[in-house]
Structure formats: structure tokens, C-alpha cells
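Colleague: I am new to this model. Please take one part of it, the aromatic rings and the strand beside them, and go through it closely.

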Amino acid sequence: MTWMKIRRTVWVGTPATLVFLLASCAGRQTAPGPGNQTAHPAATCYEETGEASWYGHPYHGRRTASGEIFDMYQMTAAHRTLPFGTWVVAENSANGRSVKVRINDRGPHKSRRILDLSYAAARVLGAIGPGVIPVRLRVIASPEATRGLLGPLSHSTRRGEEPVRL
């Protein structure tokens, strides 16, 4: 090779190599699966149907996955992937009752179930007797839309102390 051919190869090849290296360093996105469930953005057009169960006494007063103290008398729920602080409307498909709940925990841990409701929310929907009900949930507000507007919804400073309800 002559000096001119080498110079032309380096001049043209260097930018192409740089582009190739930058593209290979870009992060990969993985598809959600059973072992790879990441929180997805809470778009207000998001809807989901499935089954819902409820939880109460054994967990009342314990910390949720979001770090707040679980109060079974507040309108809260657990979802596998929705971000904490997301507000959803859960509608009982069998009787048409609906309730607004805030996502503050992770779960349910049974297949086919999409929501674990607090005792108070389950009571409104009529889920206390059956235990598991068919539901449709719709996101109505993302956590970004409500950040700073509500402040802390519950807190407790000492063990056994009742949460403050705002």
C-alpha cells in the first residue's frame, strides 16, 4: 500500500469506527418477563384486567416496599410494576363498584392476580367475602403529576403508634 491509500483508509475509517464503538456502548433494553419485571411509566391511558385479592391484619403496621407504613384502613394497593404513588381506579367487574387507590407496595405474588387491595379498598369493592374478585384497573394519575401536592400520606415515628391521616 502506498502512503496515500493508508492515509485515505485512516481518514475514512476512523469516523466509521467511532460510530460503531459508540453504538455498541449504548444500553440494551430487556423484555419484561417473570424474573425481569421493572416498573413501567404510569401513562394515564394504561388499563389492565385480571383478578384482585386483598390483605390486612398480618401486614397492618409493617413497612411496604415503598418504605411507608401499611395502614389497612387507607385506600392503597400493591401492583407488580406500576410506580409507587400512581393512582388507579379499580372496578369490580362483577358488581360495577369502583374505588381510587394509590400504589404503595409490590405484589400480588400469585399468578393471574394483578392487584392486592388494602382492607378498606376491598370492603368498598365487595371483595371481603369472596377474597378474590375480577377487576379492571385504569391509571388516573402518575406519581410525577401528584409529587409535592399531597405530602406524606402516612407516617409513624414509633412502633405501635397510629399513622397520621391527612
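Modeller: Tyr55 counts as buried, at 11% relative accessibility; buried means under 20% relative accessible area, exposed over 50%, and partly exposed in between, with a 1.4 Å probe and protein chains only. This is a predicted model, in which local features need pLDDT of at least 70 and side-chain atom pairs count only at pLDDT 80 or more, while totals for chains, interfaces and linings use all residues. Residues are numbered from 1 along each chain as its sequence is written, and side-chain values use heavy atoms, with hydrogens and water left out.

Phe70 is also buried, at 2% relative accessibility. The whole structure contains 4 aromatic pairs. Rings of Phe, Tyr and Trp (its six-membered ring) pair if their centres lie within 6.5 Å; planes under 30 degrees apart are stacked, over 60 edge-to-face, and the rest tilted. Tyr55 and Phe70 make a stacked pair, with 4.6 Å between centres and 5° between planes. Tyr55 belongs to strand E1 and Phe70 to the loop between E1 and E2, 15 residues apart. Strands are DSSP runs of E with at least two residues, helices are runs of H or I with at least four, and both are numbered from the N terminus.

Another pair, Tyr73 with Tyr119, is edge-to-face, at 6.1 Å centre to centre and 85° between the planes. Because Tyr73 is in the loop between E1 and E2 and Tyr119 in helix H2, this pair ties together parts that are 46 residues apart in sequence. Tyr73 is partly exposed, with a relative accessible area of 42%, and Tyr119 is partly exposed at 21%. Trp54 joins Tyr73 and Tyr119 in one aromatic cluster.

Trp54 also leads to strand E5, where its bridge partner is Leu117. E1 (residues 47-55) and E5 pair in the parallel sense over 5 bridges; two strands pair if DSSP finds at least two bridges between them. E5 also pairs with E2 (residues 76-78), in the antiparallel sense and over 2 bridges. Here Ala77 stands opposite Leu117. E5 covers residues 113-118, and 5 of its 6 residues are buried, so the strand is largely enclosed by the rest of the structure.

Leu117 is among the residues with the most contacts inside the largest nonpolar core, along with Val88, Val101 and Leu115; this core has 19 residues. A nonpolar core is a set of buried Ala, Val, Leu, Ile, Met, Phe, Trp, Tyr and Cys residues joined through side-chain atoms within 4.5 Å. Two or more residues each come from E3 (87-92), E4, E5, H2 (119-125) and E6 (133-141). The most come from E6, which gives 4. Beyond its neighbours within four places in sequence, Val101 contacts Leu117, Ala77 and Ala121, among others, where contact means heavy atoms within 4.5 Å.

Two features lie in the loop that precedes E5. Pro108 is in the loop between E4 (98-105) and E5, and the peptide bond from Gly107 to Pro108 is cis, with omega near -10°. Arg112 is in the loop between E4 and E5 and has a positive phi of about 70° although it is not a glycine. At 64% relative accessibility, Arg112 counts as exposed.
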